[in-house]
Amino acid sequence: MTEIVSVSGPELVTYADELATLLIEAVEGGASVGFLSPLDRTAAADWWRERAGAVESGSQQVWIARDGDARAVGTISLVRTALPNARHRAEVAKLVVAPSARGRGIGRALLTAVEEWAAAAGLTLLVLDTETGSDAERLYRSEGWTPCGSVPDYAADPYGTLRATTFYYRSLGRPGAAG
């Protein structure tokens with residue numbers, strides 16, 4: 001059984017080494033999640049620890065999917081903006097599922113957790129970007145996200161090859177002010 005939990009800043013620091021392993025596995029498997037291969041374990045763990053302050057301030061939320069052994073097998077983040085005219089929206093980032101845990105609905109469960117939390121928090125628009133043609137893109141399309149354009153050569157894949165990125169959005173409710 002997989003459990004999806006939101007983590008605090010201190011909990012994120014505690015999970016940093018496990019999340020580093022998850023990130024490294026994803027990058028080694030070809031996932032375009034912002035890092036190049038080979039990804040150094042210390043750098044990956046430090047990257048997660050550096051997010052703890054943003055989680056504590058509320059400008060970022062992080063969820064972890066844990067398996068029956070409480071091991072992290074997936075993660076997703078939601079990044080809010082401080083811009084006054086954009087408080088109604090947030091960016092979904094770093095949806096990662098361990099290669100050994102794929103095909104069990106963990107990515108969908110993480111995405112649903114983010115969408116439900118965002119709607120409850122009064123957000124009305126979510127955005128994200130993903131490598132065009134990737135497994136992640138198929139997930140977002142199947143979950144009803146709306147593509148709104150692609151940019152060629154937007155980001156390098158883990159091996160340094162520039163790839164196209166497709167941008168998506170998801171409306172969660174009527175437009176209006178969100179806190």
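**Note on helix packing and aromatic pairs**

1. Leaving aside its neighbours within four places in sequence, Leu23 is in contact with Val33, Phe35, Leu39, Ala44, Trp47, Trp48 and Val96. The model discussed here is a predicted one, and the points below should be read with that in mind. Leu23 has its place in helix α1, and with a relative accessibility of 1% Leu23 counts as buried, because buried means under 20% relative accessible area.

2. One of those contacts, Val96, deserves a second look, since Leu23 and Val96 are 73 residues apart in sequence, while their C-alpha atoms are 7.1 Å apart in space.

3. Where does helix α1 meet helix α2? On the α1 side the residues are Leu12, Val13, Ala16, Asp17, Leu19, Ala20, Thr21, Leu23 and Ile24, and on the α2 side they are Arg41, Ala44, Ala45, Trp47, Trp48 and Arg49. Helix α1 covers residues 9-28 and helix α2 covers residues 41-50, and the two pack with their axes 8 Å apart at an angle of about 135 degrees. The two helices are therefore oblique to each other, and the crossing in which α1 passes α2 is right-handed.

4. Two of the α2 residues that meet α1, Trp47 and Trp48, belong with Phe35 to one aromatic cluster. Phe35, Trp47 and Trp48 are also among the contacts of Leu23. In addition, the charged end of Arg51 sits over the ring of Trp47, at 4.2 Å from the centre of that ring.

5. How many aromatic pairs does the structure hold? There are six, and one of them is formed by Trp63 and Trp117, whose rings lie 5.9 Å apart, centre to centre, with 75 degrees between the planes, an edge-to-face arrangement. This pair links distant parts of the chain, for Trp63 lies in strand β2 (residues 60-66) and Trp117 in helix α4 (residues 106-120), 54 residues apart.

6. Are the two members of this pair buried or exposed? Trp63, with a relative accessible area of 4%, is buried, whereas Trp117, with a relative accessible area of 29%, is partly exposed. The value for Trp117 falls in the middle class because partly exposed covers the range between under 20% and over 50%.

7. A further pair is made by Tyr140 and Trp145, whose ring centres are 6.1 Å apart and whose planes stand at 55 degrees, so this pair is tilted. Tyr140 and Trp145 are both buried.

Definitions and conventions. Residues numbered from 1 in each chain as written. Predicted model: local features only at pLDDT ≥ 70, side-chain atom pairs only at ≥ 80, totals over all residues. Heavy atoms only, no water. Phe/Tyr/Trp six-rings, centres within 6.5 Å; stacked < 30°, edge-to-face > 60°. Helix = DSSP H or I, 4+ residues; strand = E, 2+ residues; numbered from the N terminus. Buried < 20%, exposed > 50% of the residue type's maximum accessible area, 1.4 Å probe, protein only. Lys NZ or Arg CZ within 6 Å of the ring centre and 35° of its normal. Axes fitted to C-alpha atoms, helices over the stretch in contact; angles between N-to-C directions. Parallel < 35°, antiparallel > 145°, perpendicular 65-115°, else oblique. Left-handed = near helix turned anticlockwise from the far one by under 90°. Contact = heavy atoms within 4.5 Å.
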